[in-house]
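Hello,

Here is the structure I promised to pass on. Please open it beside this email, and my notes on what I found follow below.

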Amino acid sequence: MATVTVFDQSKKEVGSLDLSPEIFEVEVRPEIMHLVVRAQLAAKRVGTHATKTRAFVSGGGKKPWKQKGTGHARAGSSRSPIWRGGAIIFGPSPRSYEFKVNRKVRRLALKMALSARLSEDNLLVLKGIDLPDVKTKRFAEVAKTLGLEKALIVFKEVDNNLLLSARNLPGIKLLPADKLNAYDVLLYPKLVMLESAAVSVQERLK
C-alpha cells in the first residue's frame with residue numbers, strides 16, 4: 001500500500017494518506033488507456049458534416065440536350081456528379097462516431113492513469129484550498145507555490161470561490177471526483193487531488 005504525504009496550500013506537510021494498491025498500483029497497459037481515450041474523443045465529435053447527394057441537389061430536372069446528334073456526350077441531368085455544381089458521390093453524412101467500451105474497461109483505464117501519475121511522482125494530495133474571496137490572482141499565487149503550470153485539480157465539495165478563481169487560469173482545470181476520467185488524468189501532466197476527493201475516488205473504484 002502506497003502512502004503519500006498530504007500538504008496544505010502553502011505546501012507544508014500536514015499528514016499522510018494511504019492509497020489502495022488496487023487503484024493506485026495497477027499495471028499500466030497503454031492499449032487499454034488508448035482505447036478508452038479514443039472512445040471518449042469519438043463521443044465528443046458532433047458528426048454534423050454533410051454534402052448533397054443526387055437526392056438533395058436542386059435543379060437538373062431537364063435533360064440538357066437531346067440524346068443524339070449534338071456531338072456532346074450523353075447527359076440526363078446538369079446535376080450529375082461529374083458536372084460543376086453537381087452532386088457529391090460518397091460524401092460524408094451526419095452520423096455518430098461513438099462506440100461502446102465496457103464500464104469495467106473504463107474503470108480499469110482510470111485506475112491505470114492514476115497509477116501512472118503516482119509512479120511518475122506527479123500526484124499531489126492537498127488537505128484543501130481555502131480562498132477567502134474570488135480572486136484569480138490569489139489562486140495564481142497558490143498555484144505558483146505548489147508548482148502547478150498545467151494541472152488537473154480534483155475536488156469533492158463544490159467551492160465557488162475556488163471554481164471562479166481558477167476558471168480563467170490557463171492550464172488549470174477543476175473536476176469533481178465523480179466526473180474523474182482517464183482522458184483528463186492523462187491530458188494534464190500534474191494531478192492534484194484534495195484529500196476528500198482522493199478518499200471519494202477510492203471508495204468509488206473499489
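In these notes, contact means heavy atoms within 4.5 Å. Please also keep in mind that this is a predicted model.

With that cut-off in hand, let me start with a pair of helices. Which residues bring H3 and H7 together? On the H3 side they are Arg107, Leu110, Lys111 and Leu114, and they meet Val201, Arg204 and Leu205 in H7. Sorted by class, this contact has four nonpolar and three charged residues, with no polar ones. Two packed helices are described by the angle between their axes and the distance between the axes. Here the axes of H3 and H7 (residues 195-205) come within 11 Å and cross at roughly 140°. The crossing of H3 past H7 is left-handed.

Helix H2 comes next. H2 covers residues 30-44, which is 15 residues. At 1.5 Å a residue the helix should span 21 Å, and because its end C-alpha atoms are 21 Å apart, the expectation and the model agree. Buried residues in H2 are Ile32, Met33, Val36, Val37, Ala39 and Ala42. An α-helix has 3.6 residues a turn, so residues three or four places apart point the same way. What do the buried residues of H2 pack against? Their partners are helix H3 (103-119) and helix H6 (182-187).

Now to the sheet. Six strands make up an open sheet with mixed pairing, and their order is S2-S1-S3-S6-S4-S5. At the edges are S2 (13-19) and S5 (172-176), each of which pairs on one side only. From one strand to the next, the twist averages 30°.

At one end of that order, S1 and S2 run antiparallel and are joined by six bridges. One bridge to look at is that of Phe7, whose partner in S2 is Glu13. The two strands form a hairpin with five residues between them. Lys11 is found in this loop between S1 and S2, and its phi is positive, about 60°, although Lys11 is not a glycine. Is Lys11 buried, partly exposed or exposed? It counts as partly exposed, because its relative accessibility is 42%.

Another residue with a positive phi is Phe90, near 55°, and it too is something other than glycine. Phe90 lies in the loop between H2 and H3. With a relative accessible area of 82%, Phe90 is exposed.

Strand S6 deserves a closer look. It pairs with S3 (residues 123-126) in the parallel sense over four bridges, and S4 and S6 are likewise parallel, over four bridges. If you want to find these pairings on screen, Leu123 stands opposite Leu191, Leu126 has Leu194 as its bridge partner, and Ala151 stands opposite Lys190. S6 is mostly covered, with four of its five residues buried.

Leu194 is a good residue to centre your view on, and it lies in S6. Leu194 counts as buried because its relative accessibility is 9%, which is under the 20% that sets the limit. Setting aside residues up to four places away in sequence, Leu194 touches Leu126, Gly128, Ile129, Val154 and Phe155. Leu194 and Leu124 are 70 residues apart in sequence, yet their C-alpha atoms are 8.4 Å apart in space.

How does H7 sit relative to the sheet? It lies across S1 (2-7), S2, S3, S4 (151-155) and S6, and runs at about 95° to S6.

One last residue to visit is Ser20. It is found in the loop between S2 and helix H1 (21-24). Ser20 is buried, with a relative accessible area of 7%. Leaving out neighbours within four places in sequence, Ser20 is in contact with Glu25, Gln202 and Lys206.

That is my tour of the model. Do write back if you would like to go through any part of it together.

Best wishes

Conventions. Residues are numbered from 1 along each chain as its sequence is written. This is a predicted model: local features need pLDDT of at least 70, side-chain atom pairs count only at pLDDT 80 or more; totals for chains, interfaces and linings use all residues. Side-chain values use heavy atoms; hydrogens and water are left out. The expected span of a helix is 1.5 Å times one less than its number of residues. Buried means under 20% relative accessible area, exposed over 50%, partly exposed in between (1.4 Å probe, protein chains only). Axes are lines fitted to C-alpha atoms, for helices over the stretch in contact, and angles run from 0 to 180 degrees between N-to-C directions. A crossing is left-handed if the near helix is turned anticlockwise from the far one by less than a right angle, and right-handed if clockwise. Ala, Val, Leu, Ile, Met, Phe, Trp, Tyr, Cys and Pro count as nonpolar, Asp, Glu, Lys and Arg as charged, and the others, Gly among them, as polar. Two strands pair if DSSP finds at least two bridges between them.
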